[in-house]
Amino acid sequence: MANDTHGYAPVNGLEMYYEVHGTGRPLVLLHGNLSTIEVDFARILPTLAKTRQVVAVEQQAHGHTADIDRPLRVQHWADDTVALLRHLGVERADLLGYSMGAAVAFQVAIDQPALVGKLVLCSFAHRRDGVHPGLLDGIQQLQPEHLAGTPFAESYARVAPRPQDWPVLVDKIKEMDSSVPEWPAETVAALGRPTMLVIGDSDIVRPEHAVETFRLLGGGVAGDVAGLPSARLAVLPGTTHITLVHRGEWLASMVEEFLDAP
């Protein structure tokens with residue numbers, strides 16, 4: 001595939017937007033709810049694309065990808081991502097997912113283990129109680145006007161095929177958030193992929209839950225004695241959920257070192 005391309009792929013009834021930057025081992029970037037490639041990854045994509053082929057996607061009803069008559073679900077997005085990678089001829093890739101994109105990356109790794117190399121899961125919770133109490137319930141009170149002036153609303157207005165559908169997207173996201181999947185501990189423990197978990201110290205994911213997930217993946221050992229596990233945990237100081245992806249230098253340097261490690 002040529003260096004730095006973009007386009008639309010026919011995927012499960014969608015015309016799914018994607019961008020490809022750089023050359024090398026593929027790395028797929030999966031954005032969060034209400035967001036776009038630009039909003040979530042502008043600060044890290046150029047650095048990552050210097051040494052690998054970065055494939056960034058925009059999911060159903062997000063960014064350049066128009067909506068279809070289908071609810072928004074993690075499973076749908078995982079299936080769409082897999083279909084897109086097959087369309088592009090990508091046989092194996094590392095995945096970096098942020099927020100809902102982390103759940104999508106995790107689901108892809110469960111469904112298609114042969115497709116996935118390493119995983120970077122930013123702000124990932126494998127159970128609903130991994131998120132601070134009340135936050136998911138509070139999402140149900142969200143109204144389109146609450147997001148006026150935010151990068152999410154402005155990016156959507158700039159690139160969406162139907163900018164007037166912003167209120168529709170907000171409603172569908174609220175419904176999606178009420179249907180977030182949970183994965184049992186056994187599923188997490190059986191993942192079998194080198195995985196780096198990243199949270200902010202003031203993220204929506206509780207630090208205790210991130211440590212629990214880290215232990216399920218084989219982390220939390222005395223590395224000098226037991227050896228380094230294939231799982232990693234990074235807690236970024238002074239960082240909220242939204243500002244996690246703003247920590248471009250920190251995030252890119254840690255991700256590159258993890259992906260390049262034997």
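Tutor: Helices (H or I, at least four residues) and strands (E, at least two) are DSSP runs, numbered from the N terminus. Keep in mind that this is a predicted model.

Student: How many helices and strands does the protein have?

Tutor: Both kinds of element occur here. Counted by those runs, the protein has 11 helices and 8 strands.

Student: What radius of gyration does the protein have, against that of a compact globule?

Tutor: Start from the chain length, 262 residues. A compact globule with that many would have a radius of gyration near 18 Å. The protein agrees with this, because its value is 17 Å.

Student: What box do the C-alpha atoms fill?

Tutor: Take the principal axes as directions. Along them, the box is roughly 60 × 45 × 30 Å.

Student: What share of the residues is buried?

Tutor: Buried means under 20% relative accessible area. Of the 262 residues in the protein, the buried share is 52%.

Student: What share of the exposed area do carbon and sulfur atoms supply?

Tutor: The protein exposes about 11300 Å². Carbon and sulfur atoms supply 55%.

Student: Where is P181 found?

Tutor: Look at two helices, α7 (166-177) and α8 (185-189). P181 lies in the loop between them.

Student: Why does P181 count as partly exposed?

Tutor: Partly exposed lies between the cut-offs of 20% and 50%. P181 falls in that range because its relative accessible area is 24%.

Student: How many Å apart in space are P181 and L96?

Tutor: In sequence, P181 and L96 are 85 residues apart. In space, C-alpha to C-alpha, the distance is 19 Å.

Note on methods. Residues are numbered from 1 along each chain as its sequence is written. This is a predicted model: local features need pLDDT of at least 70, side-chain atom pairs count only at pLDDT 80 or more; totals for chains, interfaces and linings use all residues. Side-chain values use heavy atoms; hydrogens and water are left out. The radius of gyration is taken over C-alpha atoms; the globule rule is 2.2 Å times the number of residues to the power 0.38. Buried means under 20% relative accessible area, exposed over 50%, partly exposed in between (1.4 Å probe, protein chains only). Accessible areas come from the Shrake-Rupley method with a 1.4 Å probe; for residues, only the protein chains shown count as cover.
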